[in-house]
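Grab a coffee and work through a few helix-packing exercises. Try each task on your own before you read the solution.

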Amino acid sequence: MAHVVDTIDGHSGRVAKMILLLHPAPTMALIRAALTHDDGEYAVGDIPGPAKSALPTEARAALEATETAAREAIWGPDPVLTEAEALWLRYADRLDAYITAGRSGAPMDRDGWPDAREWIAATAAELGDANG
């Protein structure tokens, strides 16, 4: 998302606010994770999700380990999230990226955005069903 000149803090703040708005009872661990989830990118850069997914397993694991170590160097150990909380974080993260890219004028019919839109819609339904 570097191409839209968005800061990590701006994105992370919006992700946390989305969780506060949409989640029926977010925990402090989930809010903390939302606020800090991309802070390790300073060590590796903002690599697009489709590019990360295309990496060989070993390279992807090394990238994630480097990001985690950089983030934990700032904030200490990551908060422990439940599986449901981790899904909420991924959902809000992708939703903000999708909205921000769309507002920037990015072509939303390629570069993984159609798949992201489908995942967001399916996950919104899942989270809505899971939370009444």
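What follows is a set of exercises with worked solutions on this predicted model.

**Exercise 1. The span of α5**

Task: Work out how many residues α5 has and how far it reaches from its first C-alpha to its last.

Solution: Start with the ends: α5 covers residues 57-75, which gives 19 residues. Next, take the span from the first C-alpha to the last, which comes to 26 Å. Finally, set that beside the 27 Å expected at 1.5 Å a residue, and you'll see the two are close.

**Exercise 2. The two sides of α5**

Task: Sort residues of α5 into buried and exposed, then say where the buried ones sit around the axis.

Solution: First pick out the buried ones: Leu 63, Glu 67, Ala 70 and Arg 71. They cover an arc of only 95 degrees around the axis, so they end up on the same side of α5. The spacing pattern behind this sort of thing is general: an α-helix has 3.6 residues a turn, so residues three or four places apart point the same way. Now turn the helix around: Thr 57, Glu 58 and Ala 73 are exposed on the other side of α5. Last step, look for the cover: the buried residues of α5 lie under elements including α2 (28-36), α3 (41-44) and α4 (49-54).

**Exercise 3. Arg 71 up close**

Task: Is Arg 71 buried or exposed, and which residues does Arg 71 contact beyond its sequence neighbours?

Solution: Find Arg 71 in helix α5. Its relative accessible area is 10%, and the cut-off for buried is under 20%, so Arg 71 counts as buried. Then leave aside neighbours within four places in sequence, and the contacts of Arg 71 are Thr 36, His 37, Asp 39, Gly 40, Gly 76 and Asp 78. One of these, Gly 76, comes just after α5 and takes a positive phi of about 85 degrees. For a residue that is far off, try Leu 127: its C-alpha is 27 Å from that of Arg 71, with their positions 56 residues apart along the chain.

**Exercise 4. How α1 meets α2**

Task: Describe how the axes of α1 and α2 are arranged, and list the residues that make the contact.

Solution: Begin with the axes: those of α1 (residues 8-22) and α2 come within 7 Å and cross at roughly 155 degrees. That angle makes the two helices roughly antiparallel. The contact uses Ser 12, Gly 13, Val 15, Ala 16, Ile 19 and Leu 20 from α1, together with Leu 30, Ile 31, Ala 34 and Leu 35 from α2. As for handedness, α1 passes α2 in a right-handed crossing.

**Exercise 5. Bringing in α6**

Task: Find what the buried residues of α2 pack against, then describe how α6 meets α2 and α1.

Solution: List the buried residues of α2, namely Leu 30, Ile 31, Ala 33, Ala 34 and Thr 36. The buried residues of α2 pack against α1, α5 and α6 (83-103). Now take α2 with α6: their axes are 10 Å apart and the angle is about 35 degrees. This crossing is right-handed, and Leu 30, Ala 33 and Ala 34 of α2 meet Glu 85, Trp 88 and Leu 89 of α6. Then do α1 with α6, where the axes are 9 Å apart at an angle of about 120 degrees. That makes α1 oblique to α6. The α1 and α6 crossing is right-handed, and the residues of α1 that meet α6 include His 11, Arg 14 and Met 18.

**Exercise 6. Thr 123 and Asp 111**

Task: Decide whether Thr 123 is buried or exposed, and do likewise for Asp 111.

Solution: Thr 123 sits in helix α7 (residues 113-130). With a relative accessible area of 4%, Thr 123 is buried. Skip residues up to four places away in sequence, and Thr 123 touches Leu 87 and Tyr 91. The C-alpha atoms of Thr 123 and Tyr 91 are 6.8 Å apart, although the two are 32 residues apart along the chain. Asp 111, in the loop between α6 and α7, counts as exposed at 55% relative accessibility. One more thing to check is the backbone: Asp 111 isn't a glycine, yet it has a positive phi of about 60 degrees.

How values were computed: Residues numbered from 1 in each chain as written. Predicted model: local features only at pLDDT ≥ 70, side-chain atom pairs only at ≥ 80, totals over all residues. Heavy atoms only, no water. Helix = DSSP H or I, 4+ residues; strand = E, 2+ residues; numbered from the N terminus. Expected span 1.5 Å × (residues − 1). Buried < 20%, exposed > 50% of the residue type's maximum accessible area, 1.4 Å probe, protein only. Arc of directions from axis to C-beta. Contact = heavy atoms within 4.5 Å. Axes fitted to C-alpha atoms, helices over the stretch in contact; angles between N-to-C directions. Parallel < 35°, antiparallel > 145°, perpendicular 65-115°, else oblique. Left-handed = near helix turned anticlockwise from the far one by under 90°.
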